[in-house]
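Me: Please take a close look at one part of this model, the open sheet, and tell me how its strands are arranged and what surrounds that arrangement in the chain as a whole.

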Amino acid sequence: MFVCVRPVILLLLINFLDLSLSSSSSSSSSSQNATRPRTHPSGETDDYSVLEDITTEPPSSSSTTSEDTVDGFCDYSMCVEHQQTCAELTAVTGCFCPGLERLHAPSPPTLSYLTQQDDKGVLVHWCAPTSIVTHYKVLVKGKDRDMDREIQVEEKKRKTVLRDVAAGALVCVVAVNKIGASEENQQSCATFKPQHSNSGLALKLGIIGGVVGLIVLLILALLLWRQKKRRESSARTETRGVL
């Protein structure tokens, strides 16, 4: 009986080895198929190992639009001096600055007002035109040509002080660039009219009238005093004659 059992054991061992070998070969083939690129009918292959190396990167800050970019017109005042020029704002923020599309002779600036500061000083204030300007010229034209003069002012300024401006003189502001100068018209010119001329004349007349009145009062007082003295002297003379 022991002799019959031995061949059975051997057969079981052989079957077990066959099963283990077949399982190992199938697992290896499946792992190879898993890592092997898939072949298309056209002959191209899908290499999924390339996709594992691709990482998603956040978009760079340079691709985003800057918050400083202004849509529309630049935040620029034509009447405020010593500010950043409109061309500089356009270069920095990309905003729209009217009048800078092409270089041409500047439009006339707007003369806002003429103000008399003291007896000899006149403040001139203007607003810039919508044009490229390199500097300004302030012209004074009086009845006498000897009093005519011209003052050059830098582009960022919007006011200047003139000295010894006669009443009735014409003051004009002219914008200048490389192409030429703006024309002189009612927008850029104004006639200087002293604001305190009437009040000053009235003050002078009042002073003169006061002095004349004081002199008249003194004269009247002197005449009354002399008349009083005469009456007193005549009364004394009559009293002595009676006695």
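Reply: In this predicted model, the secondary structure of the chain amounts to 4 helices and 9 strands, and read from the N terminus these elements follow one another as α-β-β-α-α-β-β-β-β-β-β-β-α.

Turning to the sheet itself, 3 strands make up an open sheet whose order is 3-4-7, and their pairing is antiparallel. Strand 3, residues 110-116, and strand 7, residues 159-163, stand at the edges, and because each of them has a single partner strand, one side of each is left without a neighbour in the sheet. Averaged over the sheet and with direction ignored, neighbouring strands are turned by 25° against each other. As a general point, the strands of a sheet pair through backbone hydrogen bonds, in either a parallel or an antiparallel manner.

Looking more closely at one of these pairings, strand 4, which covers residues 121-127, joins strand 7 in the antiparallel sense over 5 bridges. Within this part of the sheet, Val 124 stands opposite Thr 160, a residue of strand 7.

As for the chain around the sheet, 21% of its 243 residues are buried, where buried stands for a relative accessible area under 20%. The accessible surface of the chain comes to about 18,300 Å², and carbon and sulfur atoms account for 59% of that surface. Finally, when the contacts in the chain between residues at least 6 apart in sequence are considered, 57% of them join residues that are at least 24 apart.

How values were computed:
Residues numbered from 1 in each chain as written. Predicted model: local features only at pLDDT ≥ 70, side-chain atom pairs only at ≥ 80, totals over all residues. Heavy atoms only, no water. Pairing = 2+ DSSP bridges. Helix = DSSP H or I, 4+ residues; strand = E, 2+ residues; numbered from the N terminus. Axes fitted to C-alpha atoms, helices over the stretch in contact; angles between N-to-C directions. Buried < 20%, exposed > 50% of the residue type's maximum accessible area, 1.4 Å probe, protein only. Contact = heavy atoms within 4.5 Å. Areas by Shrake-Rupley, 256 points an atom, 1.4 Å probe, with all protein chains shown as cover.
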